[in-house]
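Subject: A structure for you to look at

Hi there,

Here is the structure I promised to pass on. Please open it beside this email, and then read on for what turned up.

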Protein chains: 2
Amino acid sequence: MVTINDVAKEANVSASTVSRVLNNTGTISQLTTNTVIRAVKKLGYEPNVLARNFRKKRTRTILILTPNMTNPFYSNVISGICDLSRDMNYSSFVCNTTDETEQIKKTLDMLYKHKADGAILLASEKGQFWISDYADEFPIIQCCEYDPDLEISHVSIDNYHAAVETVRYLIALGHKKIGTISSTNKYLSTDNRLKGYKDALHEAGLESTDRFVSFAGKDYNYQSGCRAAEKLLAQSDRPTALFCISDVLAMGAVNTAKIMGLRIPEDLSIVGFDDVEQTSMFTPKITTVAQPCYSLGQKAAELLCKNLEQNESIPLETILPYRMIVRESTGPRP
Amino acid sequence: MVTINDVAKEANVSASTVSRVLNNTGTISQLTTNTVIRAVKKLGYEPNVLARNFRKKRTRTILILTPNMTNPFYSNVISGICDLSRDMNYSSFVCNTTDETEQIKKTLDMLYKHKADGAILLASEKGQFWISDYADEFPIIQCCEYDPDLEISHVSIDNYHAAVETVRYLIALGHKKIGTISSTNKYLSTDNRLKGYKDALHEAGLESTDRFVSFAGKDYNYQSGCRAAEKLLAQSDRPTALFCISDVLAMGAVNTAKIMGLRIPEDLSIVGFDDVEQTSMFTPKITTVAQPCYSLGQKAAELLCKNLEQNESIPLETILPYRMIVRESTGPRP
DNA sequence: AAGGACAATGCAAACGATTGCACAAGAACT
DNA sequence: AGTTCTTGTGCAATCGTTTGCATTGTCCTT
C-alpha cells in the first residue's frame, strides 16, 4: 500500500506538504502543488480513509432513520438521500427503527461513537423532546415528518394547504358530503391534513361532522384502510367523496367501496396522498397529492452534507412543493 | 473523552492489558480481568471505533449493492440485511447502482479503500467476470440473482423448480394453452423460470410455442407488463393462462386483460412471482410464488458477518424454500 | 538598512488503539 | 539445584494522517 510518505519521498517534500496539498489547507506554492499532484498520480496514491477518519474524528457517514424502509414512500425518500450523499462522497447508513424509542436512541448514539457525522430522521412522532439532546451536539435533519415544538431543521411539504386544496377540489366538483380517512398515528402531517380538511369544509360553509371522520390504525396499512372505509360507507347517509391521508388507505377504500357495490367515481370519489407508484396500477387510477419523495430526500441530504462540509448553516424550515394529480377516481357529485 | 489509558491508570495496569481484556486476546488472570472490567464500567469507557478500525484495518461495514432500492422486492431483502447486520453490530451501506457497471465498480472499490469489509450484491447480470477480481480478495455474496459461471457464494431460491411447479399447477387446472411473460434482462432467474415453464409443458406433452412467450423490457415494470400481455392476448387463439415472472408484470397483465374485457379467473388465469405486498391489494388478489425476501437478505448477511467475524467459510450455494400462494387470479380452464 | 510581515515548508507530536517482543515469577521437570 | 515451560504483564513501536509550532527566505515599509 502506498502511503503519504511514499508520495512525499517521490516529490521530495515532507508528508505535511503532501497532506496540505491534498486537503487544500495552509499555503503551498503552485510549483510544489504540481510536483505533489504528479507524484500522487504516478504512484496511484489514495489516502487511507481509516487513518484520515481517525485523525479527523469524522467518518463521512450519515445516518438515515426510518420506521420501515419497506414502505414505498420512504424507500423513495431514502433513495434520494443515498444518491445525493454518494455524489457528495458520503456513505449513508440506513436503519429501520420501527418507531421504537430505544432503537432510535441506540442508532443516534452512533454519533457519539464517531460512527457517523450527522443524521436524517424520516419520521419523528411528536413529543420526543430528547431528540434535541442529540440535535444540540450534532447536525440532524427531520425529513417529511417533524415536531414543530422542536427547534430542529426540517424538510417537508405544506401538508395543511395540500389538504385544503384537495378538499376544495372535491367541493368544486359539487360534493357536499365529504369524509376523510385519517390515522391514529402521532405524525404532524396527520394533524395538518385533518385540520386542512376541516378548514376547507368550514370555509365553504359545509358541516364537518365526526360521522364523516374515520381513523385507521397507526400502522397505516391496506387492511386498516378497508376497515376505516367500511365504517364511513356503511352509514345510510354516507359521504359521496373521501379524502384519504395516504394512497395505501385510499386503495383500501377503493376496494371496500367496490365490494359494497359502489362505482368509482360515479357513486363515490376517492383521493389519496403521496403518489406511490401503485396508485397508477390500480383500477381506477387514483387521484392523489404527489409528494416529491425523492427530492425531499435529496434536499435533506444536500443540506446535511453541506453543513458537514463547509459548516454551512441549515435553515430551520425547507418546504418543497406538492402537486395534485387528477386521475380516474374522482368525478362530479352523483 | 475517556481513553484506554484512563482505564489503564484507574485499574493500575498497562493499556495493553486493558486492550487484551477487551478483545479476549492473550492470557490475562481472572483477577486482573475483573479489575479492568470494573474500571471500564466505572469510567463508562467505550473504545474509540475510529482508532480501532484504523488499527485493525476493518470497518464493520458491509456494502449492499442494489439496482434500485425502491423496488419493493429489493427493499424487503435489504431490510433483512440491515436488520441482521445491525444485530451483529455491523453497519450496512446501501447503494443504488441501476445495474451500471461503472457504478458497481466504484462502489466495490470501497473495499480496497477500507471503507467496508465485505459486500452483498442483490442482482448481478450474468457474464460480469470482473466481479471475481473483487471476490478473490474480499468476501462477497450474491443474493437472489447470481452467475452460475462465477465461483462466488450465493443465496437464492430454486427458480427452475418454482416455475415448473407453478406451470404444473396450471396444467392440473386443465389449462392447455399456457403463455408466459418473461423479460429481456440478463438475470439467471429469468432464464431458469423460462426453462422451467418450457420443461413443465413438455413433460405434460403440451406444445411450447414462441407465440405464447412474450418478453417485457429489462426494466420489468408495470407498463411493459401491460404491453407484453397485449401481444399475447390479442391473438385469436390466445392462451387461457399466463405465467408471469414477476408480480408487477402480472399486475400489468391483469390490467390489460380487464381492458380487453376478459374476466379473471373465469376467462384467463394469471400467476405472478415474488409475492410483493401489492398483489393482495389488487382485485383479484394475484396467485403467486412467494420468495422469502426478508430471509434471503438475513441469510446472506448472516453468512457474510460470520465470515468476517470468525473467518467461517461461506458455502458456495444456499437455497431457501419458495412457496406457492394460490389466491383469486387462477381457476379452471374456461 | 533594519525591522516586520508574510509565504512556504519541515519537524515532530499527536490521535487511540493493538501487538510483537521481552521479561519476571512461579511451576514443573530432570 | 538447575533447567525449561508456562503464565501474566508491560514497554514501546506501529498504523497513516493531520496540524501546531518553528524555521527559513523574500519582500515591503519606514
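Let's start with a question: which side chain meets that of Glu46(A) in a salt bridge? The partner is Lys113(B), with 3.9 Å from N to O. Please keep in mind that this is a predicted model.

**Where the two chains meet**

That pair is part of the interface of chain A and chain B, where the rule finds 2 salt bridges. Across this interface there are also 14 residue pairs in polar contact, both residues having pLDDT of 80 or more. On the side of chain A that touches chain B, the elements giving two or more residues are H4, helix H5 (72-87), strand S2 (91-96), helix H6 (101-112) and helix H11 (247-259) of chain A. H5(A) gives the most to that side, with 7 residues. Sorted by class, the side of chain A has 18 nonpolar, 17 polar and 8 charged residues.

How many residues does each chain bring to the contact? Chain A brings 43 residues, and chain B brings 43 residues. The size of an interface is often given as the accessible area lost when the parts come together. For chain A and chain B, the buried area is about 3800 Å², and carbon and sulfur atoms give 59% of it. Within chain A, the residues that lose the most area to chain B are Leu50(A), Arg86(A) and Met281(A), which together make up 18% of what that side buries.

**Around the DNA**

Now turn to DNA strand C. There are 28 residues around this strand, and those that come nearest are Thr17(A), Thr32(A), Ile4(B), Tyr45(B) and Arg55(B). By class, this surface has 9 nonpolar, 12 polar and 7 charged residues.

Which part of the strand faces the protein? Of the strand C atoms within 4 Å of the protein, 60% belong to sugar or phosphate, and the rest belong to bases. Here are three polar pairs to find on your screen:

- The side chain of Thr17(A) has an N or O atom 2.4 Å from a phosphate oxygen of strand C.
- The side chain of Ser16(A) has an N or O atom 2.8 Å from a base nitrogen of strand C.
- Asn48(B) uses a backbone N or O atom, 2.9 Å from a phosphate oxygen of strand C.

The elements that give two or more residues to this surface are helix H2 (15-23) and helix H4 (49-56) of chain A, along with helix H2 (15-23) and helix H4 (49-56) of chain B. The largest share, 5 residues, comes from H4(B).

Happy exploring!

Notes: Residues are numbered from 1 along each chain as its sequence is written. Chains are lettered from A and ligands numbered from 1 in the order in which they are written. This is a predicted model: local features need pLDDT of at least 70, side-chain atom pairs count only at pLDDT 80 or more; totals for chains, interfaces and linings use all residues. Side-chain values use heavy atoms; hydrogens and water are left out. A residue is near a molecule or strand if one of its heavy atoms lies within 4 Å of it. A polar contact is a pair of N or O atoms within 3.5 Å; within protein, one must be able to donate a hydrogen and the other to accept it, and residues adjacent in sequence count only if both atoms are side-chain atoms. Helices (H or I, at least four residues) and strands (E, at least two) are DSSP runs, numbered from the N terminus. Ala, Val, Leu, Ile, Met, Phe, Trp, Tyr, Cys and Pro count as nonpolar, Asp, Glu, Lys and Arg as charged, and the others, Gly among them, as polar. Contact means heavy atoms within 4.5 Å. Buried area is the accessible area (1.4 Å probe) that two parts lose on being put together, summed over both. A salt bridge is a side-chain nitrogen of Lys or Arg within 4 Å of a carboxyl oxygen of Asp or Glu.
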